[in-house]
Amino acid sequence: MASAYDKVQGNVPPAPDRQAVWIRSNRHGGAVVNSPYSGDEADAEASSRPTIRPAQRRHVTPPSDDSTSSRPDPASYSQPLPSRRELRQREAAAATGAPTAVYSDAPPIRQDSAVGSAAGHPYNRGHEHNSGHEHGGGHLGAGGDIGRAHAGDGGRGDRPRGRGPVEREPLGPVRGTIRTFGELCITAGLVLILFVVWQLWWTDLAANRDNEVLADELAQDWQNQDPNELPEDPDEPVVADPVGKNEAFGIFYIPRFGGDYYRTVAEGVDLEPVLNRMGLGRYPNSAMPGDVGNFSIAGHRVTYGKPLNQIAELRPGDEIVVQTKDGFYTYTFRNFDIILPDAIEVLAPVPDMPDSKGKDRILTMTACNPMFSARERYVAYAELTDWTPANEGAPGSIKDSEAYKKVSKKGGA
Amino acid sequence: MSMYGFIWRSLPGNWFVKLILSLILIAAVVYLLMQYVFPVVAPYMPFNNATVTDGGQ
């Protein structure tokens with residue numbers, strides 16, 4: 001075997017000699033390639049195998065191209081066994097006796113160069129694309145042939161077969177219309193499902209993210225601002241300054257809704273951007289936190305972060321802490337009501353008594369009721385019971401809560 | 001002449017390229033719906049009203 005290898009390495013030996021080399025190496029190579037299938041790998045050949053087998057084979061195989069009279073045993077190739085079609089094509093090539101490539105260093109990918117020269121053969125027609133394989137004129141080098149054959153293989157060689165089933169008998173206009181209609185119906189259903197997913201899941205994600213960002217910004221802003229001057233009476237709360245429309249001015253903490261619950265509150269009750277993206281919204285013309293009168297807010301009970309999702313869980317005595325630049329207003333939940341959507345009297349300084357002026361500091365929260373319906377509104381009333389200036393820190397009810405820690409970490413009090 | 005069949009046939013490339021392109025198309029449609037269409041439609045849905053107003057809406 002070593003001698004065969006040497007000869008091959010010696011490059012371009014005279015033709016008859018080359019053939020001898022080929023046959024010998026063929027016998028050997030055949031054994032190797034076949035071994036996984038026939039299972040006779042453990043023969044004596046194993047010891048005499050040359051070590052650089054791939055290189056050897058690469059150099060040996062090209063001569064097979066022009067040795068058309070004694071065709072090569074395909075098992076000697078490092079490629080998978082040739083298909084029956086390929087064998088037939090080789091047979092055809094042999095029949096025409098057409099000489100093909102001259103020797104070259106390029107590895108024979110497949111023996112398509114021989115195939116190409118027989119493109120006109122009846123066997124070949126219909127199986128193989130005929131383009132680019134006109135070998136009537138002068139022969140190109142083996143490298144060129146191989147390159148072309150290879151390109152044909154990857155680009156178009158397999159296409160005609162793959163395209164066959166796609167070009168079915170076309171649908172008639174009636175069936176086509178019906179099918180398109182059906183597709184549109186399915187599409188509409190999918191879009192509706194997507195809408196529900198978006199409404200119930202995505203808006204929550206987006207609003208919660210916005211809430212966190214907004215609360216962080218707010219807390220940082222407060223750090224850079226001086227709180228309002230404290231009133232002379234220490235029990236008297238500071239009244240928060242009015243802010244512009246769609247501007248956030250406070251953070252709600254409601255321990256009943258969870259230790260990590262906090263939602264920003266902004267001016268206005270428009271869906272965009274306040275209620276949908278900024279958490280709670282303050283009814284314009286209602287009182288500001290700390291003011292005598294009715295500090296009224298609205299919030300979604302479902303979707304968009306659902307800030308008032310658990311409004312029906314509030315129990316008398318539950319604390320609702322509103323943090324602003326000036327400090328913490330602690331409202332205590334008193335009672336709830338279920339009203340019709342047009343019952344604006346709940347926003348009066350004394351709820352349900354539009355003519356009274358009132359002297360209490362009240363918080364009114366509205367949300368839809370029942371959930372996922374606009375039929376009624378759920379109203380929760382609370383009353384200001386405590387007040388802590390910003391410089392005294394958070395009141396005990398929220399001081400250790402996750403929500404407050406999260407907000408204060410980013411700036412805050 | 002079905003709609004999706006037509007789209008599939010209009011896409012260039014082999015089936016793998018077509019698959020990638022159609023996934024991109026689907027993603028684009030989903031994005032446009034969620035970003036621009038649904039927010040416009042949502043206020044008309046019956047469960048997004050949290051406020052009390054004069055008109056009852």
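In the predicted model, the loop between strand 4 (293-298) and strand 5 (319-323) of chain A contains A:Tyr304. The backbone of A:Tyr304 has a positive phi of about 55 degrees, although the residue is not a glycine. A:Tyr304 counts as buried because 26 C-beta neighbours fall inside 10 Å, the cut-off for a buried residue being 20 or more. The loop between strand 4 and strand 5 of chain A also holds A:Lys306. Phi of A:Lys306 is likewise positive, near 30 degrees, in a residue other than glycine. With 22 C-beta neighbours inside 10 Å, A:Lys306 is therefore classed as buried.

Two cis peptide bonds were examined next. One joins A:Glu272 to A:Pro273, with omega near 0 degrees. A:Pro273 belongs to helix 10 of chain A, which covers residues 271-277. Another cis bond runs from A:Asn369 to A:Pro370, with omega near -15 degrees. A:Pro370 is placed in the loop between strand 7 and strand 8 of chain A.

Strands 7 and 8 are part of a barrel in chain A, closed by 8 strands in the order 1-2-3-4-7-8-6-5 with mixed pairing. Direction ignored, neighbouring strands of this sheet are turned by 30 degrees against each other on average. Helix 9 of chain A, residues 173-223, packs on the sheet. The strands touched by helix 9 are strand 1 (248-253) and strand 2 (263-267) of chain A, and the direction of the helix makes about 75 degrees with that of strand 2. Within the barrel, strand 7 (residues 361-369) and strand 8 (residues 376-389) of chain A pair in the antiparallel sense over 8 bridges. In this pairing, A:Leu363 of chain A is set opposite A:Ala382 in strand 8.

The largest nonpolar core comprises 59 residues. Those with the most contacts inside this core are A:Phe252, A:Tyr253, A:Ile320 and A:Ala380. Strand 8 of chain A gives the most to the core, contributing 7 residues. Neighbours within four places in sequence left aside, A:Ala380 is in contact with A:Ile311, A:Leu314, A:Phe333, A:Phe336 and A:Met365.

The contact between the chains takes 36 residues from chain A and 22 residues from chain B. On the side of chain B that touches chain A, helix 1 (3-10) and helix 2 (15-41) of chain B each supply at least two residues. The largest share of this side comes from helix 2 of chain B, with 4 residues. By type, the residues on the side of chain B that touches chain A divide into 13 nonpolar, 8 polar and 1 charged.

Contacts from chain B to chain A are illustrated by B:Val52, located in the segment after helix 2 of chain B. B:Val52 is buried, because 25 other C-beta atoms lie within 10 Å. With neighbours within four places in sequence again left aside, the contacts of B:Val52 are with A:Ile339, A:Pro341, A:Asp342, A:Ala343, A:Ile344, A:Val346, A:Leu347, A:Thr366 and A:Arg377.

Technical notes
Residues numbered from 1 in each chain as written. Chains lettered and ligands numbered in written order. Predicted model: local features only at pLDDT ≥ 70, side-chain atom pairs only at ≥ 80, totals over all residues. Contact = placed C-beta atoms within 7 Å. Nonpolar A, V, L, I, M, F, W, Y, C, P; charged D, E, K, R; others polar. Buried ≥ 20, exposed ≤ 12 C-beta atoms within 10 Å, placed from the backbone. Pairing = 2+ DSSP bridges. Axes fitted to C-alpha atoms, helices over the stretch in contact; angles between N-to-C directions. Core = buried A, V, L, I, M, F, W, Y, C linked by C-beta atoms within 7 Å.
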